[in-house]
Amino acid sequence: MTARLMCLTSVLALAAGSAMAEMNFNRIASFATWHNMAEGEDTARETSPEIMVATPDGMTLVYSDSPLGVIGLIDITDPAAPKPLGNVDMQGEPTSVAVIGTRAYAAVNTSGSYADPSGKLVTIDLASKAVTAECDLGGQPDSIAAAKDGSFIAIAIENERDEDLGDGRVGQMPAGWLSMLDVTDAGADCASLKTVDVTGLAEVAPEDPEPEYVDINGLGETVMTMQENNHIVVVSKEGEVIASFSAGAVDLAEVDLDDDRASILPVSEQPGRLREPDTVKWLDDDHFATANEGDMDGGSRGWTIWNKDGSVVYESNSSFEHALVSIGHYPDKRSDAKGVEPESLAHGTFGGVPMAFVGSERGGAFGVYDVTDPANPVLKQLLPSGIGPESFAVIESRGLIASANETDLIEDGGVRAHAMIYQYQEAPAAYPMLTADGLRDGNGVLVGWGAISGQVAAEDGTLYAVTDSFYGKQPTIFQIDVSSSPAKIVKAIRVTRDGAPAAHMDMEGITLDGDAFWVANEGNADKGIPHAIYKVGMDGAIIEEVLIPEALAANQTRFGFEGIAKIGGTLWMATQREWKDDPENTVKLVAYTPATGEWGAVRYGKAQPETGWVGLSEITLHGDYVYVVERDNQIGENAVTKKIYRIPASAMVPASLTGGDMPIVPKEEVRDLIPDLTATGGFVLDKVEGLAIAADGTAWVSTDNDGVDDHSGETMFFSVGKLD
């Protein structure tokens, strides 16, 4: 099957699953792991849930947190309302954790240096949260797995390389190995510890294996990836290597290899791309799957199902990445690296259907595959995760799955690291809310999207949305059909200037004017981007450029036009934040009349921010009112202001830009959007950027995903009903 056909098959299966299936996974809750810190601790420290598992009763999530040096616990007795159970100090860096019965077993790195690695296995009594035993592992551990019958534990001893030495390449001594030790009713039996030598097996640096991830099947066989060595081994319960083979390479088709900040263009090929697998999980006693994240020389952007003899049963090639492209989760800045970087992987049976869960570290989403036939997996759903999904905890008995999302942006003022919980329920799929559904342009190229900002509704209910500066080298207008769920992008209109991509644009607003668009451009003098408005034909060609007058330019700042609306013969632009001549907590609504060339403005009073700033991010007209989106720049639990207000259109009478004080228009709150932004169990997204109102009063709201750059990639695109 060609890559293009695989992509089409996946997208069609996804669309069919969303529309027809009675059972779907939906996110029901999120838990920011900083809440597990004790009272009085410095909660501004980085926290990171990495490897997450559940207790046998499914009531508690247990995760390793490397930056804090702890094992964290979350109470999910009520999965829709997770509660903190605190942290257990590991006196080292926990790299992974497993649970057997009432005990957790944590692999902890205690290395003094790369050249002198060390580690320990720590036993934790979950009821008392007390450390009850420790075993010296003799090296730096990475992954840990427990046998299904709880009889033993396998640990990948990585002894990782120093990436600042030897051009960051293996080999670097000492070599790694696989450790195995028995577990009894009394806990881990340190005296039973044995090592399995895996040197001399790989084609890449055979003298220096770097084991990455382990998993154990029902027969007690351990499968282990050696990521940098691009190699996989299978080890018997007795500790004998029974299979050893290269992870091989993939000839990738239709991939985007350019970090160009233009449109997503998956048109390149990448032959011989080493898989370099990270996570490995058994699907049954004969088959396992790998997430091919890559590290030193590879990363094949997908996942693979193997027979334990080393033969490939299924290869996703570019289809997983293509599915993420279609739902706006493609990280274009990673195009020249490893794309969406599949890293996490899990397996479970729900409703009698065996499923694989494949997570994209860089795309902030994961796919749910029906693997009833391992040779022909079927993509059933794509779900939003937090930033950097690292692992999954599968709780079949309760119909739950949880994702551990390791990235904590506390130092950048961004969202904190989260665990997210999903329930298998009899309900429509809530995500994605917007998809390109495998759309290809006139040249047959898959259409990707992201970073959508302003939007507008046409008379027939069709919506148009613009991309912002993230794709500034090829700005695009997307035509959206909202008659189906999810809404579908049906056309990508590339904005051009003299036949070439219209570079140096930051489109933040759009409105219609007969058979043309007007686009509001937010300027940035440091980057040569002007504050301007552009008239654009329906084919995307710029017809007219209108720069702001000197009366405005003299007081400009970076934060300019964030929306545009047409009222009669006048265009109105919402300015995001105060310019130099604006009183505190006011912004201008700027007017321009194309027929006369006249400019004017009124002022709008916005909320006093508790933290950060508050500004406007959209303006649109419906009936007798002008509607604006007023929001702060806060995310997650810090968000306060995400609201729709309206202004009587009769109050929109522009005053002179130079003639004294401008009037402040009255405003009325219409809707607080925070309940809408948390309705799907996620944290509050910061950038509510789009508002369009159809002729019947139905309003559509969207968020900007920043091109999946330090962002989960999640785009919310939803109706809030009629605003009449």
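Begin by selecting Phe25, Trp303, Phe357, Ile480 and Phe717: in this predicted model, these residues touch the most other members of the largest nonpolar core, which holds 81 residues. A second core, separate from it, has 19 residues, among them Ile533, Ile564, Leu657 and Met662.

**Phenylalanine 357 and its surroundings**

Keep Phe357 selected and display its contacts. Beyond four places in sequence, phenylalanine 357 is in contact with Phe25, Phe350, Phe366 and Phe392, as well as Ser344, Leu345, Ala346, His347, Gly348, Gly367, Val368 and Ile401. Show the rings next: Phe25, Phe350, Phe357 and Tyr424 make up one aromatic cluster.

Then move along the chain to glutamate 361, in the loop that runs between strand S26 (353-360) and strand S27 (365-370). Which side chain of opposite charge is nearest to glutamate 361? It is that of arginine 362, 4.7 Å away; glutamate 361 is buried and has no salt bridge. Residues up to four places away in sequence aside, glutamate 361 touches Glu293, Glu341, Glu343 and Glu406, together with Val340, Gly388 and Pro389.

**The aromatic pairs at tryptophan 306**

The model contains 19 aromatic pairs. Select phenylalanine 245 and tryptophan 306, a tilted pair with 5.7 Å from centre to centre and 35° between the planes. Because phenylalanine 245 belongs to strand S18 and tryptophan 306 to strand S23 (residues 303-307), this pair ties together parts that are 61 residues apart in sequence. Both phenylalanine 245 and tryptophan 306 are buried.

Add phenylalanine 288 to the selection. Its ring and that of tryptophan 306 have centres 6.4 Å apart and planes at 20°, so this pair is stacked. Phenylalanine 288 lies in strand S22 (residues 287-291) and tryptophan 306 in strand S23, so the parts tied together here are 18 residues apart in sequence. The relative accessibility of phenylalanine 288 is 0%, and the residue therefore counts as buried; tryptophan 306 is buried with a relative accessible area of 1%.

**The loop before strand S18**

Glutamate 240 is the next selection, in the loop between strand S17 (231-235) and strand S18 (241-246). Is glutamate 240 buried or exposed? It counts as exposed, because its relative accessibility is 53% and the cut-off for exposed is over 50%. Apart from neighbours within four places in sequence, glutamate 240 is in contact with Val234 and Val235. Aspartate 197 is 43 residues from glutamate 240 along the chain, and their C-alpha atoms are separated by 9.2 Å.

**Helix H2 and its two ends**

Select residues 319-326 to display helix H2, which is mostly covered, with eight of its eight residues buried. They are Ser319, Phe320, Glu321, His322, Ala323, Leu324, Val325 and Ser326.

Ahead of the helix, asparagine 317 sits in the loop between strand S24 (312-315) and H2. Asparagine 317 has a positive phi, near 50°, although the residue is not a glycine. With a relative accessible area of 11%, asparagine 317 is buried. Just after H2, glycine 328 also has a positive phi, of about 80°.

**Further backbone features**

Go to lysine 129, which is found in the loop between strand S8 (119-125) and strand S9 (130-136). Lysine 129 is not a glycine, yet its phi is positive, at about 60°. Its relative accessibility of 36% makes lysine 129 partly exposed.

Two cis peptide bonds follow. One runs from valine 170 to glycine 171, with omega near 5°; glycine 171 lies in the loop between strand S11 (152-157) and strand S12 (177-184). Another joins serine 485 and proline 486, with omega about 5°, and proline 486 is in the loop between strand S35 (476-481) and strand S36 (487-494).

**Arginine 603**

Select arginine 603 in strand S46 (residues 598-605). Arginine 603 is buried, with a relative accessible area of 8%. Beyond four places in sequence, its contacts include Asp581, Asp582, Met662 and Pro663. From arginine 603 to glutamine 455 the C-alpha distance is 23 Å, with their positions 148 residues apart in sequence.

**Confidence**

Finally, colour the chain by pLDDT. The mean for the protein chain is 95, and 97% of its residues reach 70 or more. Residues 1-13 have pLDDT below 50, and the model gives this stretch 23 contacts beyond near neighbours in sequence. Residues 15-21 also stay under 50, with five contacts beyond four places in sequence.

Notes
Residues are numbered from 1 along each chain as its sequence is written. Side-chain values use heavy atoms; hydrogens and water are left out. Helices (H or I, at least four residues) and strands (E, at least two) are DSSP runs, numbered from the N terminus. Buried means under 20% relative accessible area, exposed over 50%, partly exposed in between (1.4 Å probe, protein chains only). Contact means heavy atoms within 4.5 Å. A nonpolar core is a set of buried Ala, Val, Leu, Ile, Met, Phe, Trp, Tyr and Cys residues joined through side-chain atoms within 4.5 Å. Lys and Arg count as positive and Asp and Glu as negative; His and the chain ends are not counted. A salt bridge is a side-chain nitrogen of Lys or Arg within 4 Å of a carboxyl oxygen of Asp or Glu. pLDDT is the predictor's confidence in each residue, from 0 to 100. Rings of Phe, Tyr and Trp (its six-membered ring) pair if their centres lie within 6.5 Å; planes under 30 degrees apart count as stacked, over 60 as edge-to-face and the rest as tilted.
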